[in-house]
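Walk me through this model, from its ring pairs to its core, its cysteines and its charged pairs. Keep it brisk.

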Amino acid sequence: MDADTVRRNLERVRERIGPDVEVLAATKYVEAADLPALAEAGIELVGENRAQDLLAKQEEHGDLFMWDFIGAIQSRKLKDIAPNVRLIHSIASESALRRLEQNPAPEVLIQVNVAGEDSKEGIDPSQLASYIERCPCPVTGLMTMPPFVEDPEDNRRHFARLAELAAEHGLERLSMGTSQDYEVAVQEGATIVRLGSVLYG
């Protein structure tokens, strides 16, 4: 991992999205030994997909970043994750709600399946109000993982729908947009973009 390359890529991203959107560096495929290079490049927020990787990387480099959890949540792992992250982006099951009662997280984002994909985790928009009401932790925003598309414009409607849902429920955080479509996500109101290849390539 070359810090200068990441810094240049981060600067290009910032030119496109402005200073107010949080850039979360997704570190699923980043080795722990390479994390200091991300910090040197100016990355302040990282997100991990797997509980065991999160804990291992924090043990070595916990003070370098703010840490979020962005992967599909396995309820039995919540007790390990909850005390060690700023927020969890991916609460989307009844079992997760039950586990959060015993292992509260500082803040959570509810994952919404706005595209209605059978293969994706996420709460159906029609069930969102009830789910938020039953969540034992502070819900400060929403997250979505729309389909992989060749043309980012194809996901604009999904980002717009998530923004509508957040506004309806008075939620400020919107975690949406990845390397393939982050510019469109920001145009539709993203406050956090989860980036990987566009930073590291």
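**From rings to charges**

One aromatic pair is counted in this predicted model. Its partners are Phe-65 and Trp-67. The geometry is edge-to-face, with 5.8 Å from centre to centre and 85 degrees between the planes. An angle over 60 degrees counts as edge-to-face, so the label follows from the 85 degrees. Both rings belong to buried residues: Phe-65 has a relative accessibility of 9%, and Trp-67 has 5%.

Phe-65 leads on to Ile-43. Setting aside neighbours within four places in sequence, Ile-43 is in contact with Phe-65, and also with Val-6, Leu-10, Ala-25, Leu-38 and Leu-199. Ile-43 is also one of the residues with the most contacts inside the largest nonpolar core. That core has 56 residues. Ile-88, Ile-91, Val-108, Ile-110, Leu-142 and Val-193 join Ile-43 in the group with the most contacts there. Helix α7, residues 156–168, gives the most to this core, with five residues. Another core, of five residues, lies apart from it. Leu-24, Leu-45, Ile-70 and Ile-192 are among its members. The general background is brief. In soluble globular proteins, nonpolar side chains tend to be buried together.

Take Ile-70 from that five-residue core. Where does Ile-70 sit? Its place is in the loop between β3 (66–69) and α4 (78–81). Is Ile-70 buried or exposed? Its relative accessibility is 11%, so Ile-70 counts as buried, the cut-off being under 20%. Not counting residues up to four places away in sequence, Ile-70 touches Leu-24, Ala-26, Gly-47, Glu-48, Asn-49, His-89, Ser-90, Met-143 and Arg-194. Lys-28 offers a further reference point. The C-alpha atoms of Ile-70 and Lys-28 are 9.7 Å apart in space, while the two residues are 42 apart in sequence.

Glu-48 is one of the residues that Ile-70 touches. Glu-48 is found in strand β2, residues 45–48. This acidic residue is buried, at 0% relative accessibility. What does its side chain meet? The side chain of Glu-48 makes a polar contact with the side chain of Lys-57, at 2.6 Å. Beyond four places in sequence, the contacts of Glu-48 include Thr-27, Lys-28, Asp-53, Leu-54 and Lys-57. Asp-68, Phe-69, Ile-70 and Gly-71 are also in contact with Glu-48.

Now the cysteines. How many disulfides does the structure hold? The count is zero. Cys-135 is in no disulfide, and the nearest cysteine sulfur is that of Cys-137, 5.3 Å away. A disulfide needs the two sulfur atoms within 2.5 Å, so the 5.3 Å between Cys-135 and Cys-137 does not qualify. Cys-135 is buried, with a relative accessible area of 10%. Cys-137 is in no disulfide either, its nearest cysteine sulfur being that of Cys-135. Cys-137 counts as buried too, at 6% relative accessibility.

Charged pairs come last. Side chains of opposite charge can pair when their charged atoms come close. The structure holds 15 salt bridges. One of them joins the side chains of Arg-7 and Asp-4, at 2.7 Å from N to O. These two residues are three apart in helix α1, residues 3–17, so about one helical turn separates them. Arg-7 is partly exposed, with a relative accessible area of 26%. Asp-4 counts as partly exposed as well, at 39%.

Another bridge has a longer reach along the chain. Glu-94 forms a salt bridge with Arg-134, the closest N and O atoms being 2.7 Å apart. This pair links distant parts of the chain, 40 residues apart. Glu-94 is in helix α5 (residues 94–102), and Arg-134 is in helix α6 (residues 128–134). Both ends are partly exposed: Glu-94 at 40% relative accessibility, Arg-134 at 39%.

Arg-156 forms a salt bridge with Glu-153, with 2.8 Å between the closest N and O atoms. Arg-156 is partly exposed at 21%, and Glu-153 is partly exposed at 43%. Elsewhere, bridges share partners. Such salt bridges join Glu-22, Asp-68, Arg-86, Glu-107 and Arg-173 into one network. Asp-68 ties back to an earlier stop, as it is in contact with Glu-48.

Definitions and conventions. Residues numbered from 1 in each chain as written. Predicted model: local features only at pLDDT ≥ 70, side-chain atom pairs only at ≥ 80, totals over all residues. Heavy atoms only, no water. Core = buried A, V, L, I, M, F, W, Y, C linked by side-chain atoms within 4.5 Å. Buried < 20%, exposed > 50% of the residue type's maximum accessible area, 1.4 Å probe, protein only. Helix = DSSP H or I, 4+ residues; strand = E, 2+ residues; numbered from the N terminus. Contact = heavy atoms within 4.5 Å. Polar contact = N/O pair within 3.5 Å; in protein donor to acceptor, adjacent residues only side chain to side chain. Phe/Tyr/Trp six-rings, centres within 6.5 Å; stacked < 30°, edge-to-face > 60°. Salt bridge = Lys/Arg side-chain N within 4 Å of Asp/Glu carboxyl O.
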